Amino acid sequence: MLSNFAKIIERLLHNRIYSFLEHNKLISDAQYGYRKSRSSEHPLLSVKEQILKSFKEDKLVCGIFADYSKAFDTISHTILYKKLEWYGIRGHARELIYSYLTNRKQYVTVDNYASSVLTIDKGVPQGSILGPLLFLIFINDLPQSCLYANFRIDDSNCFITEKSLPCLKSLVEESLRNIYDWSKANSRSLNVKKTNLIIFKPKRKNIDPVEFKFYNETIIPTTQLKFLGVTLNENTDFSLHIEEVSKKVSKIIGIINRNRYIFPFKIKLLLYYALV
């Protein structure tokens, strides 16, 4: 639990640091999360435009959807301090953040039993105001690890465009190695088994089955996945997403309909606007 007084100090620090980063254009343009005037709609629209443009040029687009275990809890404090120094957050400001992160303790209680108290040496406090901004700073240099990929770091995803399948395969495998090397250098745990690939292609374009080699792992592209709450298939025609939304809407309307004589009109309207 974080005290209200601490959150006031956090808000002051957040405003100063965020203003400094934005004013000096230090935040990567691929960053969408935890930024003003940006939402999950922006990376979705950006990706859609990139895919549609590639389709017009008869090109393939491979999406890499990296999966990180416990993203906020695995941030190395030592590496974070070095990155703060690099971005120009030095002196008293950096010392304040050092004080904010160090000497925090944690323990677990179950019924009447408690674990021993341990010092937290990694991660940022969950539910804090400053935590998301520090996370944003920590992953800000990820897009620089891959020369051929267009990143959308809202969910650690990137997209690679190429005309031929062999060339695309080569670039994707190189990008996967670069992402893995960046993760290792930054003490982040990349979950290879949960990292997904999907090849977006025009409907009229047929491609041979392909497997991507990634060190000792083999990744077989999927034909559909969820990206920021939207279900995408390899042709990006949104048919799967529309089908899923229709099923959810139908179910909710059915529940409201069965209780139409119980709920007052205002409640039914409230449920409709909230759930449908």
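Let's start on the outward side of helix H4, where His 92, Glu 95 and Ser 99 are exposed. Keep in mind, please, that this is a predicted model. Now turn the helix around. Which residues of H4, which spans residues 91-101, are buried? They are Ile 97, Tyr 100 and Leu 101. If you look down the axis of H4, these buried residues fall within an arc of 90°, so they line one face of the helix. And what do they pack against? Three helices: H1 (4-23), H3 (77-86) and H5 (131-138). After H4 comes Asn 103, which has a positive phi, near 60°.

Next, a strand. E1 covers residues 60-65, and 6 of its 6 residues are buried, so the rest of the structure largely encloses it. In a regular strand, side chains alternate between the two faces of the sheet. For E1, Leu 60, Cys 62 and Ile 64 are buried on one side, and Val 61, Gly 63 and Phe 65 are buried on the other.

Who are the neighbours of E1? It pairs with strand E7 (residues 157-162) in the antiparallel sense, over 6 bridges, and there Phe 65 has Asn 157 as its bridge partner. E1 also runs antiparallel to strand E8 (residues 196-200), joined by 5 bridges, with Ile 64 opposite Leu 197.

One last stop: Thr 231, in strand E12 (residues 230-233). Is Thr 231 buried or exposed? Buried, because its relative accessible area is 4%, and the cut-off for buried is under 20%. Its side chain makes a polar contact with the side chain of Glu 244, at 3.1 Å. Leaving aside residues up to four places away in sequence, Thr 231 also touches others, including Leu 225, Lys 226 and His 241.

Methods. Residues numbered from 1 in each chain as written. Predicted model: local features only at pLDDT ≥ 70, side-chain atom pairs only at ≥ 80, totals over all residues. Heavy atoms only, no water. Buried < 20%, exposed > 50% of the residue type's maximum accessible area, 1.4 Å probe, protein only. Helix = DSSP H or I, 4+ residues; strand = E, 2+ residues; numbered from the N terminus. Arc of directions from axis to C-beta. Contact = heavy atoms within 4.5 Å. Polar contact = N/O pair within 3.5 Å; in protein donor to acceptor, adjacent residues only side chain to side chain. Pairing = 2+ DSSP bridges.
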